[in-house]
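Please open the structure in your viewer with the sequence panel alongside, and follow the stops below in order. At each stop there is a selection to make and a note on what it shows.

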Amino acid sequence: MNDKSPIFHSLAMIEEKIQGRLTVEMLAEGIHFSKYHYQRIFREAVGDTVMGYVARRRLYLAAGELAETKRSVLEIALRYGYDSHEGFTRSFKAHTGVTPTEYRKYHSAIRFPKRRKEQCTMESPKHMDELTKALNSLIVQAKETAAETKKFQKSNVQAVAFYGQFWEFAAVRAEKMAEELENILNSAVTAVWGADEISTRFLLVKAIDSIAFDANVTAFHVGLMIARAMPEHQVVFQPLCACYDRLAQNARIKSRKMAEFLYELFDLILQDMRKQAKQKIQSAVDSGRAAAEMLSNPALPYGYIADGIMAIAKGLHSLALEDVTLSSLTDAACTLETIRFAAYLDILRVPQHRQLFDGVSDFKEKLDEAAKFFRDLTGDSLRTLGETENDSGGDIIEKRIYKNLSTQEGVVLFCLKGEIQKLGDAHLNAKQKTALNAICNKIDGAIKASHSPANEYEKNKVMELLCEAYDELMREAKELGPYGGAIQYLAQKGKMPLNCLMEKS
């Protein structure tokens, strides 16, 4: 520990010369350490390499100047030791997920990654850095998409006249995504990662999934609207449509990556979560037995209290972990409260026996701790707590993938049925109606099968059904000619998740 004071002096030297030339040798010499010893002690004290820390401090200070001054990006880059605008931009984006220009424009919504030395088994600073960068990138992209939409409306007044309200709605959706992403980012960087906070991890994944889904739905309807439009309008709107497609695609990619970050330590977290749950319940059981034993002296008139407490402890002990619920723990606590009331009356009657009842309060405290642990878990966490030991983070991710597939294909099916109704008798003959309805039934069957495929055969069957359905739908769309644009678009969108699954497999 005596080596820490020189390291703190070294940190002061770094701050003093942060805009100048710094090397490991120079800093080690400044506190009279060997280079090897200095680097080892520095990493132990700070949690990063010497030059890694220097680079992060320079970028952090540069970010402050981007936000608070009007200096050019190049001027700031040169002040902090970069030789060019390009080199600084490359480093800045690698660290934050956004360019210096984007940071300057949206700094109030962006979090600067900060590697923390304090870390426990459940926390990975590397993952939090990656999560922060990914969310920063999505926030900027959502804001830029909304801004691009508004700019497009102003510069294409005549073209957007008929579609004005739609584009306003799309821009509001993009802005809302950015706002929700900011909330997720704030939650992520302030969360305490541990087994007791496992719910935070589940809620974060669900929130990110929700944003990705919203981005996909918005892009989907933007594309569907353009597919219905006149050819001259399609050409005008295509660049804007591409913006929403890019946002949706990036959200999908980031959602998958972030889920992988958050679940990478899932197996360890799940083991700890189960271990803590078992420990808390066992601690309550042991406390109850001890309390009952203290009161079980046949010479004392407290056997009824001892029996009541022992019954609660045995009841908890007999439950398998997957059968323990917040309700069962609350019921046990309520029963114990009745017993405690009776014990309190006995204490008033015979004050000298007060110490014999101390274990009852301890039992209540342990029961409350166990109940709090279960109360803090979300429904998803509780279900996971009861899953088999063979379930891993990969299993959970795969379940999410097929659940998302079911939802996405459900949206396509809903819109397809709507298009069939819109085309109606005016554009569809009996044969086409029959064919389209048969395709809807096939997609519906695949959706139901995708809810929880039990094995590879069932997964492949889902893929085959959907591929067949969308190939058939594409043929029907082509036969409809100019009236088949929306149907063709739906066939393409319906098949997109399948292509992603094929790439993953």
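## Starting at α19

Select Q432, L436, I439, C440, I443, A446 and I447, which are the buried residues of helix α19 in this predicted model. Looking down the axis, you will find that they cover an arc of only 125°, which puts them on the same side of α19. The general geometry is helpful here: an α-helix has 3.6 residues a turn, so residues three or four places apart point the same way. Now turn to the face of α19 that points away from the buried side, where the exposed residues A430, K431, T434, N441 and K448 are carried.

Next, show the whole helix, residues 430-449, and check its length: its 20 residues reach 29 Å from the first C-alpha to the last, close to the 28 Å expected at 1.5 Å a residue. At the N-terminal end, select N429, which caps α19 through a side-chain oxygen lying 3.1 Å from the backbone nitrogen of K431.

Stay in α19 for K433, a residue that is partly exposed, with a relative accessible area of 28%. Which residues does K433 contact, leaving aside its neighbours within four places in sequence? Those in contact with K433 are G424, D425 and L428. A C-alpha to C-alpha distance drawn from K433 to I420 should read 7.7 Å, although the two are 13 residues apart in sequence.

## On to α3 and α4

Move to helix α3, residues 35-46, whose 12 residues should span 16 Å at 1.5 Å a residue, and whose end C-alpha atoms are 16 Å apart, in agreement with that expectation. Colour Y38, I41, F42, A45 and V46, the buried residues of α3. Seen down the helix axis, these buried residues fall within an arc of 110°, so they line one face of α3. Just after the helix, select G47, which takes a positive phi of about 90°.

From there, go to R56 in helix α4, residues 50-68. Is R56 buried or exposed? R56 is buried, since its relative accessible area is 16%, which lies under the 20% cut-off. Show the side chains of R56 and D48 together, and a polar contact of 2.9 Å can be traced between them.

## The nonpolar cores

For the largest nonpolar core, which has 39 residues, select L131, L135, W167, V222, Y244 and M258, the members that touch the most other members. The elements that give two or more residues to this core are α8 (125-155), α10 (164-190), α11 (198-228) and α12 (231-263), and α10 gives the most, with 10 residues.

Centre the view on Y244 and display its surroundings: not counting residues up to four places away in sequence, Y244 touches T145, T149, W167, A170, A171, A174, T218, A219 and V222. Then select A28, V46, Y106 and F112, which are included in a second, separate core of 36 residues. V46 was also coloured at the earlier stop, among the buried residues of α3.

## Stepping back

Finally, return to the full chain, whose secondary structure comes to 21 helices and zero strands. Of its 505 residues, 46% are buried. Among contacts between residues at least 6 apart in sequence, 74% join residues at least 24 apart. With the surface displayed, the accessible area comes to about 26,200 Å², of which 53% belongs to carbon and sulfur atoms.

Methods
Residues numbered from 1 in each chain as written. Predicted model: local features only at pLDDT ≥ 70, side-chain atom pairs only at ≥ 80, totals over all residues. Heavy atoms only, no water. Helix = DSSP H or I, 4+ residues; strand = E, 2+ residues; numbered from the N terminus. Expected span 1.5 Å × (residues − 1). Buried < 20%, exposed > 50% of the residue type's maximum accessible area, 1.4 Å probe, protein only. Arc of directions from axis to C-beta. Core = buried A, V, L, I, M, F, W, Y, C linked by side-chain atoms within 4.5 Å. Contact = heavy atoms within 4.5 Å. Polar contact = N/O pair within 3.5 Å; in protein donor to acceptor, adjacent residues only side chain to side chain. Areas by Shrake-Rupley, 256 points an atom, 1.4 Å probe, with all protein chains shown as cover.
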